[in-house]
Amino acid sequence: MSTDLHELPVTNVEPALVCGKQEDEYEVVYHKPATMVDTAMHYCPGCAHSLVHKLIMEVVEELDIQDKTVGVAPVGCSVFAYDYMDIDMSEAAHGRACAVATGIKRLMPEKYVFTYQGDGDLAAIGIAETLHAINRGENILIVFMNNAVYGMTSGQMAPTTLPGMHTTTSPDGRDVSFYGAPIKVSELMANLPGAFFVTRQAVNNPNAVRRTKKALLNAFKYQQLHKGTCIVEIIGNCPSNWKMTPVEAAKFIDEEMVKTFPLGDIKIPAAEDLKIF
Amino acid sequence: MTEYKLMKGNEALAEAAILAGCDAYFGYPITPQSEVLEYLAREMPKHNRIVMQAESEVASINMVYGAAGAGFRAMTSSSSPGISLMQEGISYIAGAELPCLLVNVNRAGPGLGTIQPGQGDYFQSTKGGGHGDYRMIVLAPASVQEMADFVFLGFDLADQYRNPVLILSDGAIGQMMEKVKFKPYTRPQTDKSSWATTGKPKTRGRNYITSLHIQPEKMEEHNKHLEEKFRKIRENEVRFEEINTSDADYLFVAYGLSARICQKAMDIARQKGIKAGLLRPITLYPYPYQRLNELASQVKMLLSVELNSGQMVEDVRLAVNGKRPVEFYGRMGGMMPTPEEIVHHLETLIQYHHVN
Ligand SMILES: Cc1ncc(C[n+]2csc(CCOP(=O)(O)OP(=O)(O)O)c2C)c(N)n1
Ligand code: SF4
Ligand SMILES: [Mg+2]
């Protein structure tokens, strides 16, 4: 369950307890998107998933596309996304989100379809489905949550695990001579002609959150163009499996993760492709 | 008046898919069923339907999962090794209760085996195949006509029960040419709006497709719900064909291609004065246990003839429950028994059991 204060619904704040003001004397500066289910989340404190769920739902609300959006969440910590996002959603087998999304989008090309995949899901077991979907230029959005570990199965090494990083299956640190270097999947995906927009972001500080929100907003809008796949990679905090506090995890991203996974746009749409906006 | 056409089994099946209103086909080439994908790649776009060659059978079955989950009529076809690769996806489809049509044009195995026809996938098709407690309705065509007919039936049953339906054919039925007639078809009305992922309007709650039930109580409840559905299927959907059973002393039990060979064997036996009959299960799940049990009271011996090393015979034994001897004869690896060979085997068994 998230303990981030921003996650608490405004109505939970007892107005009488704050500065003695009445409820209607407050200006609402933040509210949870109506497209979020009002329930407690199962995610660990400081986990990126809860925040990114909310950002996606804000975008869906702002674009007013709740009735046109279908999400696909494969196995991983976020397989329960349908408990939190108030939209039609499909679970997918581990690694198969892009194939499931292909089946949905090909039959309903006018709908907004996104996958929400972990790094184990996308970069290991599901890399074939992912690369082929992008190569076909499926008009979907791939939200790629890279936390450098297998979160759900409690912290085993992923293809994205940093060199020397300790996980339950690389107890002495990832040995690059044995397992190879971490895959930079977004760079790989950007090379495919079907990829329209590829960016890598994070959510470990307010500015990063804003940039991620902007990237997601654009990526959703680009689906209207039918020009190819959008990929928003997000370096996600996984304090539990990194064996850190939420604050340490946020720092770890800036100090270590970005060395292997530099943030920023990797492939941006050509200006003429965006003319209708 | 609908006319007869001369068609390959695989092509008749593909044409039937179009006539049955199949919205989407996803497949990956494998002998002996690539004609299905080839035929549909040519014909589906003319009807504004979706046809895609996927990157693997793993992808095909999951594309089917997506399309079926969005409420569309979706199907895939493959042959044995490809169907093995799909098992995880099939289990998810059964768990999430998605209606769809699957086709296995069975070749001989195990492993890469051979592209020749076989019936070695009986266990995989009828006993689960993938993980967990689930069943598919399994239809076994024995002619090109049935390759077509079972597509309509299969889609309808899938919709009715929200369950995957498998057409279990084989390389011979898929490849051979016979006359086939496409009968007029009216699609039953099914309302999928209460569960299909089409985008949530304000007027309803969200629909989600899942096979995940993390709480043990919920998981068991879901399993019970599925089992109740399978019970209804067992009660209402058993299909079989009987030939010459009314006076039969000896009963061949065979499905698909083996049933056709047994039909000829039965004629030869009768010419020799041996009163043979044939029971051909059309649904392999649900299996005609009850009818076989009734017939077992009447005949002296049952002989299960299969293109494998003895799989369906276990169901025949379950049905007969010790009442009569149940014997097995099979050829494998794409080898076909001749009708004479089967009759010879029957004669030997009659001697052995002193049941004449
Ligand atoms: C076929 C299959 N293999 C293995 C698993 C077990 N499993 C569940 S989640 C997971 C890894 C998830 O890691 P990731 O995709 O990075 O998501 P995260 O939990 O880190 O967000 C694994 C291996 C599975 N469910 N299915
Ligand atoms: S294990 Fe990691 S990814 Fe999973 S909920 Fe906890 S912090 Fe988030
Ligand atoms: Mg991960």
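## Around ligand 2

Which residues are around ligand 2? In this predicted model, the group draws on several parts of chain A: A:Tyr43, A:Cys44, A:Cys47, A:His49, A:Cys77, A:Asn147, A:Gly151, A:Cys238, A:Pro239, A:Ser240 and A:Asn241.

Helix H8 of chain A, which covers residues 239–242, gives the most to this shell, with three residues. In character, the shell is made up of six nonpolar and five polar residues, with no charged ones.

## The magnesium site

Let's turn to ligand 3, a magnesium ion. Its protein donors are A:Asp119 through OD, A:Asn147 through OD1 and A:Val149 through O, and they lie 2.0 to 2.2 Å from the ion. Along the chain, these donors follow the spacing D-x27-N-x1-V.

A:Asn147 and A:Val149 are both buried. A:Asn147 is worth a second look in your viewer: this residue is a donor to the magnesium ion and is also one of the residues around ligand 2.

## A cavity in chain B

How many cavities of 30 Å³ or more are there? The count comes to one. The largest cavity has a volume of about 30 Å³.

To find it, look in chain B for the lining residues B:Asn106, B:Gly118, B:Gln119, B:Leu168, B:Ser169, B:Asp170, B:Tyr255 and B:Gly256. Strand E7 of chain B, residues 164–170, gives the most to this lining, with three residues. The lining divides into two nonpolar residues, five polar and one charged.

Technical notes: Residues are numbered from 1 along each chain as its sequence is written. Chains are lettered from A and ligands numbered from 1 in the order in which they are written. This is a predicted model: local features need pLDDT of at least 70, side-chain atom pairs count only at pLDDT 80 or more; totals for chains, interfaces and linings use all residues. Side-chain values use heavy atoms; hydrogens and water are left out. On a 1 Å grid over the protein atoms alone, a cavity is a set of points where a 1.4 Å probe fits but cannot get out, and a pocket is an open set with protein on both sides within 12 Å along at least five of seven lines; lining residues have an atom within 4 Å of a point. Grid points are joined across faces, edges and corners, and a volume is the space filled by probe spheres set on the points. Helices (H or I, at least four residues) and strands (E, at least two) are DSSP runs, numbered from the N terminus. Ala, Val, Leu, Ile, Met, Phe, Trp, Tyr, Cys and Pro count as nonpolar, Asp, Glu, Lys and Arg as charged, and the others, Gly among them, as polar. Donors are N, O and S atoms within 2.8 Å of the metal (3.2 Å for Na, K and Ca); water is not among the atoms, so sites may look incomplete. Buried means under 20% relative accessible area, exposed over 50%, partly exposed in between (1.4 Å probe, protein chains only). A residue is near a molecule or strand if one of its heavy atoms lies within 4 Å of it.
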